[in-house]
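The following note sets out points for a colleague who is examining the coordinates. It proceeds by region, with each point kept brief.

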Amino acid sequence: MREAVADTSEVGRVGALALDYVRQGGRTVLMQSHCTTPWHFSPPIELDDSACIYTPLLNPSGGLVGGDRLSIKASLGPEAHVLISTPSANRVYRSLVETSVQSVELSVGSGAILEWMPDVTIPYAGSRFKQTIHAKVQCGGALLLWDAVASGRVARGERWAFAGFENEILIETASHGSVLERCQLDPCANGVGLTAGWDYVGSLFLIGDGIGAERLKQLEDQIAVVLEQRAGAVLGGVSEPTVPGLAVKLVAKSAPDLNETLDELWQAIRTELWNLPRPALRRY
């Protein structure tokens, strides 16, 4: 007797989250929103008396399973200032066949500021994950984008044991220039090269043609100092891409090393560009 083969074509959920922000007077407000399971809507939070509002991305399911197709679209009108983050890590669970997919589309209007600062993605052993982050930054806008991945559940000894990981970050500017970072990992088949000695990999992009060359140079120097001070626990570098802005790539030995380094970089950028402190976001 032949064994029945399960149909996996309908496995997982298809969830969408759409957020549209506008500037009204001295405030940024969420003008329109839409979400479907597993996304859960959370009203924006005013962290201080600046025009910036904070939106946490809430997925009550706890993570992504094979077959999930999740999407996020965030649009900022002129002069809006939005911080989008997550209250905890993005977990990707084991899957024998299906890939978990997450697509992110970001649009930053003229003079607007978007800080995209999610917590780290943790791919469990045997998991399969594909993510795309595509952003467009209009003239005078600024995008601060952070993306990080762990080697796995380090405390359980799951280091670089996931079945597949694909990630693409594309940032386009009003001048039609772009920054592209793309990676594809299959640790079990091909290994991860020199990254094998580290447990966390992160990318930080600051892109915007209205920032100014002098300020970018000052920030580049400050970022280099932060990275140098954490030598041994963190290895990284900062460079200028072909579009106005900075690109930072780093690897870290532990989650505290990664988070503390990010906090210092974030603080330096917020202080230099917007004269604002780094927000103390609640993590779980």
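Which side chain makes a polar contact with the side chain of glutamate 158? The points below begin with that residue; the model under discussion is a predicted one.

1. The partner is arginine 153: its side chain and that of glutamate 158 form a polar contact at 2.7 Å. Glutamate 158 sits in the loop between β12 and β13. With a relative accessible area of 13%, glutamate 158 is classed as buried, because the limit for that class is under 20%. Setting aside residues up to four places away in sequence, glutamate 158 touches Tyr124, Ala125, Ser151, Gly152 and Arg153. Arginine 153 thus appears both as a polar partner and in the list of contacts.

2. Tryptophan 160 also belongs to the loop between β12 (142-150) and β13 (164-173). Its phi is near 50 degrees, a positive value in a residue other than glycine. Tryptophan 160 has a relative accessible area of 10% and is therefore buried.

3. A positive phi is likewise found at histidine 176, where the angle is about 75 degrees although the residue is not a glycine. Histidine 176 is placed in the loop between β13 and β14 (178-185). Is histidine 176 buried or exposed? Its relative accessibility is 75%, so histidine 176 counts as exposed.

4. The backbone should also be inspected at threonine 37 and proline 38, which are joined by a cis peptide bond with omega of about 10 degrees. Proline 38 lies in the loop between β2 (27-35) and β3 (45-46).

5. Serine 127 is located in the loop between β10 (121-123) and β11 (128-137). The relative accessible area of serine 127 is 0%, and the residue is therefore buried. A polar atom of the serine 127 side chain lies 2.7 Å from the backbone oxygen of tyrosine 124. When neighbours within four places in sequence are left aside, the contacts of serine 127 are Val92, Tyr93, Arg94, Ser95, Phe162, Ala163 and Gly164. Tyrosine 124 is also among the residues touched by glutamate 158.

6. How do the axes of helix α2 and helix α3 cross? The axes of α2 (residues 213-229) and α3 (residues 255-274) come within 10 Å, and the crossing angle is roughly 160 degrees. Because of this angle, α2 is roughly antiparallel to α3. The crossing of α2 past α3 is right-handed.

7. On the α2 side, the residues that meet α3 are Arg215, Gln218, Leu219, Gln222, Ile223, Val226, Leu227 and Gln229. Their counterparts in α3 are Thr261, Glu264, Leu265, Ala268, Ile269, Glu272 and Leu273. Classified by residue type, this contact of α2 with α3 comprises eight nonpolar, four polar and three charged residues.

8. Leucine 227, a residue of helix α2, merits a separate point. Its relative accessibility is 6%, so leucine 227 counts as buried. Leucine 227 and threonine 261 are separated by 34 residues in sequence, while their C-alpha atoms are 7.5 Å apart in space. Apart from residues up to four places away in sequence, leucine 227 touches Val234, Gly236, Gly237, Val238, Val248, Leu250 and Thr261. Leucine 227 and threonine 261 are also both listed in the contact of α2 with α3.

Conventions. Residues are numbered from 1 along each chain as its sequence is written. This is a predicted model: local features need pLDDT of at least 70, side-chain atom pairs count only at pLDDT 80 or more; totals for chains, interfaces and linings use all residues. Side-chain values use heavy atoms; hydrogens and water are left out. Axes are lines fitted to C-alpha atoms, for helices over the stretch in contact, and angles run from 0 to 180 degrees between N-to-C directions. Helices (H or I, at least four residues) and strands (E, at least two) are DSSP runs, numbered from the N terminus. Angles under 35 degrees count as roughly parallel, over 145 as roughly antiparallel, 65 to 115 as roughly perpendicular and the rest as oblique. A crossing is left-handed if the near helix is turned anticlockwise from the far one by less than a right angle, and right-handed if clockwise. Contact means heavy atoms within 4.5 Å. Ala, Val, Leu, Ile, Met, Phe, Trp, Tyr, Cys and Pro count as nonpolar, Asp, Glu, Lys and Arg as charged, and the others, Gly among them, as polar. Buried means under 20% relative accessible area, exposed over 50%, partly exposed in between (1.4 Å probe, protein chains only). A polar contact is a pair of N or O atoms within 3.5 Å; within protein, one must be able to donate a hydrogen and the other to accept it, and residues adjacent in sequence count only if both atoms are side-chain atoms.
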